[in-house]
Structures are given as structure tokens and as C-alpha cells.
Amino acid sequence: MQATRAALALILCFLAFASRARAEAKITEFQVTLDGSQVLGSLTLGSAFDRRFVARVDSGLPTTIVYRFELDLVRRHWWDPRLKSCTLEVETIYDAVDRVYTVHFRLDDKLIESRTLHDRKALEAAMTRIDKLPLFTLADHRDRRRMLLRARAELGSRTVLSFIPVVITTEWVESAKFRPNEPAPAPAPP
């Protein structure tokens, strides 16, 4: 009985600390746009560059923000099955000698762009603003089912109690529901 209480207390303590791994950062201005069979996503990640994140960038270590996107089928009174998912990794490396930031953008592990930036303000804009990124291609143009796009950002990891690794994430956000071959949906309220 005593061991059960101790295990329960340890689990509750872990859950309390793990819930604090939520990032202060928040995804805003999340929109989905349709361009023919392409699903394009736009978003802004606010408050991502906190003291800990800036210290990691300035250390010269590779620092990454991972954006996870899911395209879900909307079903009334049932769970929404996932149709597709993808990952955008935005990685920066600071060169202290030349004082430049190199930023690489990878969509599902495929390099899609690289940039060299000279100041932190430009770096923050590059890492936290995604504008009309082609995320998915819809296979059937005649598909009339309602869909929605979900997104979340991961800002690295840290340890809880000095040995439990926890990923720092934002909350999931959802776009407005849409149907292919219809005008683009209005942005979801913040």
C-alpha cells in the first residue's frame, strides 16, 4: 500500500512538472489557403525567442523550431481521422566569427531553402513567420469532404528533475474548416 502511494505521488509530480513544459510561445494568424490541389499554410509564432532560446542560438549550437502540420477529415460527432501529416524544420546556426546566422528550411527532411541573415530581428522573422507554404497536395480534385488543418510548434527540449526529457511545445491550433474547390476559408478567430 505504501509503495502504491509513493508511485502515485511520483506520477502526479511528474505530470505537474511535465505540464510546465508548455512553451510561452503561441501560434497566431493561422490560415489555410487553397491553390488548385495545393493546401498552403500560413502562421506566426509569437514569443518564441525567450531568454533560453536566444542563449541557445547565441551559443552557436544548431537550434531548431519544428512545425508539425496535420490535414484532418472533419466528421460530425466522431473523431477526425488524419489524412496526411508533414513536418517543417527551421534550423539556425550562428557563426560568431562572421556574425551571421545560417537558416535551413526542411519540409519532411527535404531541404527547400537556405538563407544567410545578419541580425537577430531578421532571424526571428525568418524562424517564426511561415507564409503560404505548400504543405499538401490533394489527390482527388473532386473530393468534397470537409477538412481542417492543424499545427503545433516544438521549441526544443529540457529536462525535468534533472533526468526526465520533456519536449517544449505550443498548443495545437486549428484552421477554419474547408472543402476543396471552394473559395478559401475565412481565418479562424484567435
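1. Two rings of Phe, Tyr or Trp are taken as a pair if their centres lie within 6.5 Å. On that basis the structure, which is a predicted model, holds 2 aromatic pairs. One of them joins Phe 49 and Phe 53 in an edge-to-face arrangement, with 5.0 Å from centre to centre and 70 degrees between the planes. Phe 49 and Phe 53 are both buried.

2. Tyr 94 and Tyr 101 also form an aromatic pair: the ring centres are 4.7 Å apart and the planes stand at 35 degrees, so this pair is tilted. Tyr 101 has a relative accessibility of 5% and therefore counts as buried, since the term applies to residues under 20%.

3. As to the overall architecture, the protein has 3 helices and 10 strands. Read from the N terminus, the order of these elements is α-β-β-α-β-β-β-β-α-β-β-β-β. Of the 190 residues in the protein, 40% are buried. Among contacts with a separation of 6 or more, 57% are between residues 24 or more positions apart. The protein exposes about 11,700 Å², and 53% of this area is supplied by carbon and sulfur atoms.

4. The salt bridges deserve separate comment. How many salt bridges does the count come to? The count comes to 11 salt bridges. Several of them are described in the points below.

5. Arg 120 and Asp 58 form a salt bridge in which the closest N and O atoms are 2.6 Å apart. This pair links distant parts of the chain, with Arg 120 in helix α3 (residues 120-128) and Asp 58 in helix α2 (residues 51-58), 62 residues apart. Arg 120 is partly exposed, at a relative accessible area of 33%. Asp 58 is likewise partly exposed, with a value of 34%.

6. A salt bridge is also found between Arg 68 and Glu 154, whose closest N and O atoms are 2.7 Å apart. Because Arg 68 belongs to strand β3 (residues 63-73) and Glu 154 to strand β8 (residues 147-160), the pair ties together parts that are 86 residues apart in sequence. Which of the terms buried and partly exposed applies to each partner? Arg 68 is partly exposed, its relative accessible area being 30%, whereas Glu 154 is buried, with 12%.

7. Strands β3 and β8 also supply the partners of a further salt bridge, that of Asp 72 with Arg 150. Here the closest N and O atoms of Asp 72 and Arg 150 are 3.5 Å apart. Asp 72 lies in strand β3 and Arg 150 in strand β8, so parts of the chain 78 residues apart in sequence are tied together. Asp 72 is buried, with a relative accessible area of 5%, and Arg 150 is buried as well, with 18%.

8. The bridge between Asp 72 and Arg 150 should be read in its wider setting. Glu 70, Asp 72, Arg 82, Arg 150 and Glu 174 are joined into one network by salt bridges that share partners. Arg 150 has a contact of another kind to consider. Where does the charged end of Arg 150 sit? The charged end of Arg 150 sits over the ring of Trp 172, at 4.4 Å from the ring centre. Arg 150 thus takes part in the salt-bridge network and also places its charged end over an aromatic ring.

How values were computed. Residues numbered from 1 in each chain as written. Predicted model: local features only at pLDDT ≥ 70, side-chain atom pairs only at ≥ 80, totals over all residues. Heavy atoms only, no water. Helix = DSSP H or I, 4+ residues; strand = E, 2+ residues; numbered from the N terminus. Buried < 20%, exposed > 50% of the residue type's maximum accessible area, 1.4 Å probe, protein only. Contact = heavy atoms within 4.5 Å. Areas by Shrake-Rupley, 256 points an atom, 1.4 Å probe, with all protein chains shown as cover. Phe/Tyr/Trp six-rings, centres within 6.5 Å; stacked < 30°, edge-to-face > 60°. Lys NZ or Arg CZ within 6 Å of the ring centre and 35° of its normal. Salt bridge = Lys/Arg side-chain N within 4 Å of Asp/Glu carboxyl O.
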